[in-house]
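The exercises below ask the reader to work from the coordinates of a single protein chain, taking each solution one step at a time. The model is a predicted one.

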Amino acid sequence: MVDLESEVPPLPPRYRFRDLLLGDQGWQNDDRVQVEFFMNENTFKERLKLFFIKNQRSSLRIRLFNFSLKLLSCLLYIIRVLLENPSQGNEWSHIFWVNRSLPLWGLQVSVALISLFETILLGYLSYKGNIWEQILRIPFILEIINAVPFIISIFWPSLRNLFVPVFLNCWLAKHALENMINDLHRAIQRTQSAMFNQVLILISTLLCLIFTCICGIQHLERIGKKLNLFDSLYFCIVTFSTVGFGDVTPETWSSKLFVVAMICVALVVLPIQFEQLAYLWMERQKSGGNYSRHRAQTEKHVVLCVSSLKIDLLMDFLNEFYAHPRLQDYYVVILCPTEMDVQVRRVLQIPMWSQRVIYLQGSALKDQDLLRAKMDDAEACFILSSRCEVDRTSSDHQTILRAWAVKDFAPNCPLYVQILKPENKFHIKFADHVVCEEEFKYAMLALNCICPATSTLITLLVHTSRGQEGQQSPEQWQKTYGRCSGNEVYHIVLEESTFFAEYEGKSFTYASFHAHKKFGVCLIGVRREENKNILLNPGPRYIMNATDICFYINITKEENSAFKNQDQQKKSNVSRSFYHGPSRLPVHSIIASMGTVAIDLQDTSCRSASGPTLSLPTEGSKEIRRPSIAPVLEVADTSSIQTCDLLSDQSEDETTPDEEISSNLEYAKGYPPYSPYIGSSPTFCHLLHEKVPFCCLRLDKSCQHNYYEDAKAYGFKNKLIIVAAETAGNGLYNFIVPLRAYYRPKKELNPVVLLLDNPLDDLLRCGVTFAANMVVVDKESTMSAEEDYMADAKTIVNVQTLFRLFSSLSIITELTHPANMRFMQFRAKDCYSLALSKLEKKERERGSNLAFMFRLPFAAGRVFSISMLDTLLYQSFVKDYMISITRLLLGLDTTPGSGFLCSMKITEDDLWIRTYARLYQKLCSSTGDVPIGIYRTESQKLTTSESREIASQSQISISVEEWEDTKDSKEQGHHRSNHRNSTSSDQSDHPLLRRKSMQWARRLSRKGPKHSGKTAEKITQQRLNFYRRSERQELAELVKNRMKHLGLSTVGYDEMNDHQSTLSYILINPSPDTRLELNDVVYLIRPDPLAYLPNSEPSRKNSICNATTQDSREETQL
């Protein structure tokens, strides 16, 4: 076999690239043929065309030389006019003949020769077969008129003084200038805006018109007034400006005719130019123009990329972004592919926003538009998804492409991305901060079922507020609720903090309790300097270091606080404290001002023996008083800490051994073996040993494994949680996992029922009459409504139907628009809701970002809008830890050693604690829990006189009619009085109707017989009973009859229970002296029980759990 390499001749020893171009004498005897390739035809014409036309740089030089020649010819004409002596007489020969010196004639002839030669050469090179097309062009005709007479005068000397209208070369100069600008753009590979080109054309056209008119009038008036160039300029300016003084006027008919012609030309040419300029200006206003490079390098700006910009989205972003003082000098550049909305345009014209917000119409997928927004110089880029589209996956795809495009164009620009579907999140893991809407939505809905109003708690924490909302209201709960809503999460380094510096080397719970007791701040988490993971309440065994970053909840950050010792305060300041109530603890007050908070430091000196003490009581006092609260230790003592070993499930201690073994065999704790989408965080939770067959997942259909067809037949021990959704998406994984978290006792696990459609029959079969919570997810199919706010119409009406049919059911709803929360549990005659609507409008006029917070359904945690969490993404620009803390609170992420959010209810046995500060101490000293807030429910049962008095004073009253509807229907003895009160309240609004009804009643009383009084009273009572049952009881009878038709038991259906007589709200980080009330729900951050597992001698329960955990990864299911 012949070696192929030996057949290839070696390269010559000194072979270089120039040898390929110039050839090599040593290769002449070779059989190879050298072939030259040309990008263009290798002809003389093509080479000239390449030099004069195709090559940008050489063509630009030619255009610039031509432009200079035309300007030189015009300048020579002006010199000729200035040097010429005006001759006497009015002969027409002065029009055709002029005085031209020989040197001037020589220069003009030279310019004419060069110009004519260049014009002919360019015409020849651009010739494409039609010679008349080249000859009849206006620039060619003007060139012939201005150049040929000078060339003829070379051979005919008598024509040297012939007048040639050289001033017309200004139009050729204008033409050359336009070509030169185009070649300039091609040479520097950069496109100027069309507005610049159009303005340049307009200015050059106007100058050419004025210059032509000046020269024409001056020359034609040689036989008239003998005007000079300045007088001609004055006349043209006065004429074209339509002023017309009349002091300078043309005398000859030729000059008058020329003026008429020039005015006609101006009336035709200039409007066309102005129209094009106005059109381009309007288009530029729509597209937004450019963000200048100089401003981008000297000022800071962020870019907001959206598919379509709505006024609500814009105002939420601007209000939250500019709520931070250090962002006041930032510019916001909006990049949107659609035309600016009318409302958005109106808002951006407000001086407060017009100087800081720039709207650019363009696509993030185009580098040209990203260059207009100066994305490479931006401090951050926010990319938001369009949640109003039906196809949310398609919306996510657009967001992903925008994120990729921005990352490709500006790799160093921080990205803040909002995504809708959790399965699309892994495509944008490179982004600095990502918020997945469905993850947060379902996690908040799930925690609302465990910890009431978690959605409201999270929403208030991620909104920027000064706590001024509701302070003008006469109702105490609105003042307290609005004041506590100003609490936010802040961070500071321990050694730099006044709050926490003294707790270096102390335990976390000790620092949290004493910081709250002394300063009123709530320490919720820390982060080591060398670690990126945030730990929420790492527990009493965590020792604080000087370099730790502390995360705390307070009304403002420490840097904006001024500290004053309480000993220096006057006694009158104590009486003006915001929180009132009998308490022997020192009064804690926080006085808010414009960005600065004065915090009164409590006196930490030793108190007298007669004062309150937290030490343990003596032996003799145990029979008289309850035990006192143990102090919080500086360093954790293992024996004093009641470690909540939730892995062993303390609830199982109450069961018998047989039940304990059976429960352990049925359930196990471990990680779900399968994940519904890429990027989901593994969560330790309760699992089944064996996978449930798919046929058993249908609640309403029996199978070979069970014969149950409704929820009642299953005999669940705990109440149901029903989820009404349109489709079973991957986001439901984040709803189920928090409900099955490992730290929840098994006896408290609620069955979860997924209802994909909610007709009445399916609702009754799935156990809606005895469900703990009903979660209604917003319908995606209604999000593309023609009117934006109608996207929630279907959800609102469905929830209203559920509310009317099952008034005792706890319904939790998610809406698209926060403004639609006012329609939840809507009552047309509810005066209290109308008063709250007025309060909301007043708060919005004051500039509040939380105007909707006083709506009763939102305050109670029964409704929220996922768009409220948009501020979480905006806040992360200043607080980069907010997304991580929120995910830890919601259970979306689990960090070893980090605590979790839970709640406890205050019972009668707990009221001996009295105050929130003592509860804080009790929790920190016993279980290590850190409380962060209170969910309080108050009764609103008022009499008629009280309600009228409050209505007259505060214009906020409870409707007497609706209050009477909440009373028990079994109280038949009060029907008559209640009906009179309700009808009187209705008829008081219609005095004419009331007067006519009274006249009608007197007329009947006169006509009726006396012995029929008892019968009439009986009929009246029956009629009243019928009216009373016409609405509520008819609905109840409808539901009961339907349940009987389906073969379901009606036991437990409570048709008269209602929540109208109560209101609920949240107190975030309340004052230490806040009094605890019965049924208060306290939000806790509990330490991770995994961190307290003993290293030796594990219990039998733990051993069983640990043994089954490894197998559960492969064999178990949720």
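## Exercise 1. The chain as a whole

The protein chain of this predicted model holds 39 helices and 24 strands. Describe how much of the chain is buried, and what share of its contacts joins residues at least 24 apart.

*Solution.* Begin with burial: of the 1118 residues of the protein chain, 48% count as buried. Turn next to the surface, where the chain exposes about 57,400 Å², with carbon and sulfur atoms supplying 56% of that area. Finally, take the contacts between residues at least 6 apart in sequence, among which 75% join residues at least 24 apart.

## Exercise 2. Cysteines

Determine how many disulfides the chain contains, and explain the result for Cys 451.

*Solution.* A disulfide is a covalent bond between the sulfur atoms of two cysteines. The working criterion is a pair of cysteine sulfur atoms within 2.5 Å, and by this rule the count comes to zero disulfides. Cys 413 is accordingly in no disulfide, the nearest cysteine sulfur being that of Cys 381, 5.4 Å away. Cys 413 counts as buried, since its relative accessibility is 3%. For Cys 451, the closest cysteine sulfur is in Cys 902 at 6.3 Å, and this is too far for a bond. Cys 451 is also buried, because its relative accessible area is 0%.

## Exercise 3. A nonpolar patch and a serine in helix α7

Identify the residues that make the nonpolar surface patch of about 500 Å², and then describe the surroundings of Ser 153.

*Solution.* The patch is made by Phe 65, Leu 113, Ile 114, Ile 154 and Phe 155. Assigning residues to elements shows that α5 (102-125) and α7 (138-155) each supply at least two residues of the patch. Ile 114, which lies in helix α5, is partly exposed, with a relative accessible area of 39%.

Ser 153 is found in helix α7, and with a relative accessible area of 1% Ser 153 is buried. The side chain of Ser 153 reaches the backbone oxygen of Phe 150 at 2.5 Å. Once neighbours within four places in sequence are set aside, the contacts of Ser 153 are with Trp 105, Val 109, Leu 159 and Arg 160.

## Exercise 4. Positive phi and a loop valine

Examine the backbone at Ala 453 and at Asn 537, and state whether each is buried or exposed. Then place Val 1051 in the chain.

*Solution.* Ala 453 has a phi near 65°, a positive value in a residue other than glycine, and lies in the loop between α18 (437-450) and α19 (454-461). The relative accessible area of Ala 453 is 1%, so Ala 453 is buried. Asn 537, with phi near 45°, likewise has a positive value in a residue other than glycine, and its place is the loop between β9 (535-536) and β10 (549-554). Asn 537 is buried, with a relative accessible area of 0%.

Val 1051 belongs to the loop between α38 (1032-1045) and β23 (1062-1068). With a relative accessible area of 65%, Val 1051 is exposed. The C-alpha atoms of Val 1051 and Phe 770 are separated by 9.5 Å, the two residues being 281 residues apart along the chain.

## Exercise 5. Salt bridges

How many salt bridges does a search of the whole structure find? For the pairs Glu 84 with Arg 222, Lys 518 with Glu 502 and Arg 887 with Asp 893, describe the setting of each.

*Solution.* The search finds 18 salt bridges. In one of them, the side chains of Glu 84 and Arg 222 meet at 2.6 Å, N to O. This pair links distant parts of the chain, 138 residues apart, with Glu 84 in the loop between α3 (56-83) and α4 (93-96) and Arg 222 in the loop between α9 (194-220) and α10 (229-240). Both Glu 84 and Arg 222 are buried.

Lys 518 forms a salt bridge with Glu 502, their closest N and O atoms being 3.2 Å apart. Here Lys 518 is in helix α21 (residues 508-519), while Glu 502 is in the loop between β7 (488-493) and α21, 16 residues apart. Glu 502 is partly exposed, with a relative accessible area of 42%.

Arg 887 and Asp 893 form a salt bridge whose closest N and O atoms are 2.7 Å apart. Arg 887 counts as buried at 10% relative accessibility, whereas Asp 893 is partly exposed, with a relative accessible area of 25%. As a last step, salt bridges that share partners join Arg 392, Lys 421, Glu 437 and Glu 438 into one network.

Notes. Residues numbered from 1 in each chain as written. Predicted model: local features only at pLDDT ≥ 70, side-chain atom pairs only at ≥ 80, totals over all residues. Heavy atoms only, no water. Helix = DSSP H or I, 4+ residues; strand = E, 2+ residues; numbered from the N terminus. Buried < 20%, exposed > 50% of the residue type's maximum accessible area, 1.4 Å probe, protein only. Patch = residues over 30% accessible without salt bridge, like charges linked within 9 Å, V, L, I, M, F, W, Y side chains within 5 Å. Areas by Shrake-Rupley, 256 points an atom, 1.4 Å probe, with all protein chains shown as cover. Salt bridge = Lys/Arg side-chain N within 4 Å of Asp/Glu carboxyl O. Contact = heavy atoms within 4.5 Å. Polar contact = N/O pair within 3.5 Å; in protein donor to acceptor, adjacent residues only side chain to side chain.
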